[in-house]
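Biologist: I should like to go through this structure one step at a time. Please explain each term when it is first used.

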Amino acid sequence: ECVGSASIKQVHRAVSADGQEIALKVKRPSIDKNFEEDLAVLRNILSLLQNLYNNVPPHLLAEVEKSARAELEFGVEAQNQKELGERLKKREATLPLQFGEQAESWPLETTPVHFPIAQENTGLMIEDFVQGLSLKNVKEYQAALRSQPTSELKNWRQKVRAMYGESVPVIEEKISQLDLDRLQASLALDLLQQITSDGIFH
């Protein structure tokens with residue numbers, strides 16, 4: 001079951017042989033072919049710029065290509081995810097959450113990676129599957145809660161019930177009181193710390 005996708009990769013929900021829910025992250029179909037075609041176009045553009053301007057660094061394309069190819073390799077992503085998890089645990093990273101007048105602090109963690117176990121050149125990454133709502137989902141859910149009962153709110157309740165069973169009222173109360181702007185700001189600040197202090201972009 002495909003549960004999400006981005007420009008390069010997509011995630012499928014699956015069950016392992018021992019019954020554990022897992023997330024399979026794979027490259028989108030034809031991405032390698034599209035990447036090489038885009039790279040060829042970029043080479044032509046850069047060549048044109050170098051002919052027109054003298055200050056275009058000759059190594060620019062190599063750097064762009066190196067970074068882009070790294071994005072296609074799951075071994076690099078898996079290693080970054082493991083290292084980030086270790087750094088977050090070491091500095092006891094937490095995320096402050098505000099629910100109305102109530103303040104809570106939740107630990108920041110990464111999901112365990114089961115494959116690849118090293119920086120292998122592979123097109124597959126396997127990690128634990130974690131249920132949840134994206135920030136965009138939460139924002140839309142809050143908007144639906146502020147409106148009069150609608151089919152959209154009914155749909156959100158059905159989605160949450162499918163994920164968490166009969167805990168919808170408790171979860172809905174948390175979502176309605178959550179300070180989403182503060183949460184997004186806290187996540188942005190920690191992302192900056194991951195890049196500047198932890199030295200990892202993931």
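**Salt bridges**

Biologist: Lys-25 forms a salt bridge with Glu-127, their closest N and O atoms lying 3.6 Å apart. How many residues apart in sequence are the parts that this pair ties together?

Modeller: Lys-25 lies in strand 3 (residues 21-27) and Glu-127 in strand 7 (residues 124-128). Helices (H or I, at least four residues) and strands (E, at least two) are DSSP runs, numbered from the N terminus. The pair therefore ties together parts whose separation in sequence is 102 residues.

Biologist: On what basis should these values be read? This is a predicted model, in which local features need pLDDT of at least 70, side-chain atom pairs count only at pLDDT 80 or more, and totals for chains, interfaces and linings use all residues. Residues are numbered from 1 along each chain as its sequence is written, and side-chain values use heavy atoms, with hydrogens and water left out.

Biologist: By the rule for salt bridges, to how many does the count come?

Modeller: Side chains of opposite charge can pair when their charged atoms come close. A salt bridge is a side-chain nitrogen of Lys or Arg within 4 Å of a carboxyl oxygen of Asp or Glu. By this rule, the count is 11.

Biologist: Is Lys-25 buried or exposed?

Modeller: Buried means under 20% relative accessible area, exposed over 50%, and partly exposed in between (1.4 Å probe, protein chains only). Its partner Glu-127 has a relative accessible area of 9% and is buried. Because the relative accessibility of Lys-25 is 15%, this residue too counts as buried.

Biologist: Which residues are linked with Lys-25 and Glu-127 in a network of salt bridges?

Modeller: The pair of Lys-25 and Glu-127 has been described above. The network links these two with Lys-9 and Glu-77.

Biologist: Which residue meets Arg-13 in a salt bridge?

Modeller: Arg-13 is partly exposed, at 25% relative accessibility. Its partner is also partly exposed, with a relative accessible area of 31%. The side chains meet at 2.6 Å, N to O, and the partner of Arg-13 is Glu-21.

**Helix 4**

Biologist: How far apart are the end C-alpha atoms of helix 4 (residues 135-146)?

Modeller: The expected span of a helix is 1.5 Å times one less than its number of residues. For the 12 residues of helix 4, this gives 16 Å. The model agrees with this, as the end C-alpha atoms are separated by 17 Å.

Biologist: Within what arc do the buried residues of helix 4 fall?

Modeller: The buried residues of helix 4 are Val-138, Tyr-141, Gln-142 and Ala-144. Seen down the axis, they line one face of the helix, because they fall within an arc (that of the directions from the helix axis to the C-beta atoms) of 160°.

Biologist: Which helices do these buried residues pack against?

Modeller: On the other side of helix 4, Lys-136, Lys-139 and Arg-146 are exposed. The buried residues of helix 4 pack against helix 5 (151-164), helix 6 (168-177) and helix 7 (180-198).

Biologist: Leaving aside neighbours within four places in sequence, with which residues is Leu-153 in contact?

Modeller: Leu-153 is found in helix 5 and is buried, with a relative accessible area of 4%. Contact means heavy atoms within 4.5 Å. The residues in contact with Leu-153 are Tyr-141, Ala-144, Leu-145 and Glu-172.
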